[in-house]
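This report describes a single protein model for a reader who has not seen it before. It begins with a contact between charged side chains and then moves on to other features.

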Amino acid sequence: MSDEMEFFIYLLEYYAFQKDRSTKEVLDEWDRKGITREIYEGYWNYHTERIENAITDIDSLIRTGKHEW
């Protein structure tokens with residue numbers, strides 16, 4: 001498994017935990033919004049910053065379709 005995939009899974013699980021939702025619910029929402037690939041490809045930005053910054057950015061992608069950064 002690639003570093004990117006390991007981090008994506010970690011990020012998905014962390015995000016779901018923070019939002020008190022299941023990982024399936026979160027992934028389904030990301031897929032519906034068309035942002036799953038965008039989040040996966042955000043590895044180089046997300047893994048170098050605080051995880052809370054990734055959560056804020058994902059919330060922005062969900063709300064507006066645009067990155068917070």
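Glu-41 and Arg-37 are joined through their side chains by a salt bridge with an N to O distance of 3.5 Å. A salt bridge here is a side-chain nitrogen of Lys or Arg within 4 Å of a carboxyl oxygen of Asp or Glu. Glu-41 and Arg-37 are both exposed. For accessibility, buried means under 20% relative accessible area, exposed over 50%, and partly exposed in between, with a 1.4 Å probe and protein chains only.

The model is predicted, so local features need pLDDT of at least 70 and side-chain atom pairs count only at pLDDT 80 or more, whereas totals for chains, interfaces and linings use all residues. Residues are numbered from 1 along each chain as its sequence is written, and side-chain values use heavy atoms, with hydrogens and water left out.

**Confidence**

The predictor's confidence in each residue is given as pLDDT, from 0 to 100. The protein has a mean pLDDT of 95, and 100% of its residues reach 70 or more. Confidence is highest in helix 2 (residues 23–33), at a mean of 98, and lowest in helix 4 (residues 43–46), at 92. Helices (H or I, at least four residues) and strands (E, at least two) are DSSP runs, numbered from the N terminus.

**Salt bridges**

How many salt bridges does a search of the whole structure find? The search gives 5, and the table lists three pairs, including the one described above.

| Pair | Closest N to O distance |
|---|---|
| Lys-19 and Asp-59 | 3.0 Å |
| Glu-52 and Arg-50 | 3.4 Å |
| Glu-41 and Arg-37 | 3.5 Å |

Lys-19 lies in the loop between helix 1 and helix 2, and Asp-59 in helix 5 (residues 51–64), so their salt bridge ties together parts that are 40 residues apart in sequence. Lys-19 is partly exposed, at 32% relative accessibility, while Asp-59 counts as buried at 19%. In another of the pairs, Glu-52 is partly exposed, at 35% relative accessibility, and Arg-50 is exposed, with a relative accessible area of 55%.

The loop between helix 1 and helix 2 also holds Asp-20. Asp-20 is not a glycine, yet its phi is positive, at about 55°. With 73% relative accessibility, Asp-20 counts as exposed.

**Aromatic rings**

The structure holds 7 aromatic pairs. One of them is formed by Phe-7 and Tyr-10, whose rings are tilted, at 6.0 Å centre to centre and 50° between the planes. Rings of Phe, Tyr and Trp (its six-membered ring) pair if their centres lie within 6.5 Å; planes under 30 degrees apart count as stacked, over 60 as edge-to-face and the rest as tilted. Phe-7 and Tyr-10 are separated by about one helical turn because they are 3 residues apart in helix 1 (residues 3–18). Phe-7 is buried, at 14% relative accessibility, whereas Tyr-10 is partly exposed, at 40%. Phe-7 and Tyr-10 belong to one aromatic cluster together with Tyr-14, Tyr-43 and Trp-44.

**A nonpolar patch**

Which residues form a nonpolar patch on the surface? Met-1, Met-5 and Ile-9 do, and together they have about 290 Å² of accessible area. Patches are made of residues with over 30% relative accessible area and no salt bridge; like charges are joined within 9 Å, and nonpolar side chains (Val, Leu, Ile, Met, Phe, Trp, Tyr) within 5 Å. Accessible areas come from the Shrake-Rupley method with a 1.4 Å probe, and for residues only the protein chains shown count as cover. Met-5 is found in helix 1 and is partly exposed, at 31% relative accessibility.
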